Amino acid sequence: MYDRRLNGKTLSFGHAGILYKKSFVMYDRQTESLWVHVTGKAEVGPLKGQQLKFMPSTVTTWAQWKAAHPHSLVLPGYRRGGFMGTYTGVRRFRPFGLAVFSDFKAKLYPFRELKRHQVVNDTFRDAELTVAFLEDTHTAMAWNRRLNGQVLTFGWDTESPPNGTPVLGCP
């Protein structure tokens, strides 16, 4: 997810209906520049080379979100007709999981692997990470595990709290 504000202006985006290196492409309605959703970078148009600011996000169910944020509202919308793009390449299975990005490089933590391990302590591009997975909601999150110069190692607390939600702890 990216901040829509760039150079003091708020951009409005739409789906361009094309792919760039297997990633969907957005366009901003103000300049019609083309943006790659994976990198948040404009590749074509007047804003070419500009970079949107990354914002951490969570993929979860509406029920989980509403439970955690009970005052949330949904912005109603409508379906628009029209061309949304066609992918005609070789169909291959792509695992679904949590992607971590740094300097235009990415690492995927597939849900099928996280389901087996639930907590992964890892290093990616000099960043010490902990990735945790909640199987019942298929929600994964990543945190930097370096604190005050010390690298911490995490795992699930073996004693569950009264509500049954596991607690991530540092042994």
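**Salt bridges and cores in a predicted model**

A: E135 and K115 form a salt bridge, and their closest N and O atoms are 3.6 Å apart. Keep in mind that this is a predicted model.

Q: Where do E135 and K115 sit in the chain?

A: E135 is in the loop between β10 and β11 (139-144), while K115 is in helix α2. The pair therefore ties together parts that are 20 residues apart in sequence.

Q: Is E135 buried, exposed or in between?

A: E135 is partly exposed, with a relative accessible area of 34%. Its partner K115 also has a value in the partly exposed range, at 45% relative accessibility.

Q: How many salt bridges are there?

A: The count comes to 6. One of them joins the side chains of D3 and R5, at 2.7 Å from N to O.

Q: And D3, buried or exposed?

A: D3 is buried, because its relative accessible area is 11% and the cut-off for buried is under 20%. R5 has a relative accessible area of 56% and is exposed.

Q: What does E128 pair with?

A: E128 forms a salt bridge with R146, with the closest N and O atoms 3.8 Å apart. This pair links distant parts of the chain, since E128 is in strand β10 and R146 is in strand β12 (residues 146-147), 18 residues away.

Q: Which residues are in the network with E128?

A: R145 and R146 are linked with E128 in a network of salt bridges.

Q: How covered are E128 and R146?

A: E128 is buried, with a relative accessible area of 15%. R146 counts as partly exposed, at 42% relative accessibility.

Q: New topic. What makes up the largest nonpolar core?

A: It has 11 residues in all: L98, V100, Y109, F111, L114, V120, F124, L129, V131, F133 and A140. At least two of these residues come from each of β7 (97-102), α2 (111-117), β9 (119-124) and β10 (127-134).

Q: Which element gives the most?

A: β10 does, with 3 residues in this core.

Q: Pick F111. What does F111 touch?

A: Leaving out residues up to four places away in sequence, F111 touches F96, G97, L98, F133, H138 and A140. Of these contacts, L98, F133 and A140 are also listed in the largest core.

Q: What other core is there?

A: Another core, of 8 residues, lies apart from the largest one. Its members include L6, L11, M26 and A42.

Q: Now the surface. Which residues make the nonpolar patch?

A: W62, W65 and V74 make a nonpolar surface patch of about 330 Å².

Q: Where is W62?

A: W62 is in helix α1, which covers residues 62-68.

Q: Why is W62 called partly exposed?

A: Because its relative accessible area is 45%, and partly exposed runs between 20% and 50%.

Q: Last one, F54. Where is F54?

A: F54 lies in the loop between β6 (41-44) and α1. The C-alpha atoms of F54 and G40 are separated by 7.4 Å, and the two residues are 14 residues apart along the chain.

Q: Which residues does F54 touch?

A: Not counting residues up to four places away in sequence, F54 touches M1 and Y2.

Terms used
Residues numbered from 1 in each chain as written. Predicted model: local features only at pLDDT ≥ 70, side-chain atom pairs only at ≥ 80, totals over all residues. Heavy atoms only, no water. Core = buried A, V, L, I, M, F, W, Y, C linked by side-chain atoms within 4.5 Å. Buried < 20%, exposed > 50% of the residue type's maximum accessible area, 1.4 Å probe, protein only. Helix = DSSP H or I, 4+ residues; strand = E, 2+ residues; numbered from the N terminus. Contact = heavy atoms within 4.5 Å. Patch = residues over 30% accessible without salt bridge, like charges linked within 9 Å, V, L, I, M, F, W, Y side chains within 5 Å. Areas by Shrake-Rupley, 256 points an atom, 1.4 Å probe, with all protein chains shown as cover. Salt bridge = Lys/Arg side-chain N within 4 Å of Asp/Glu carboxyl O.
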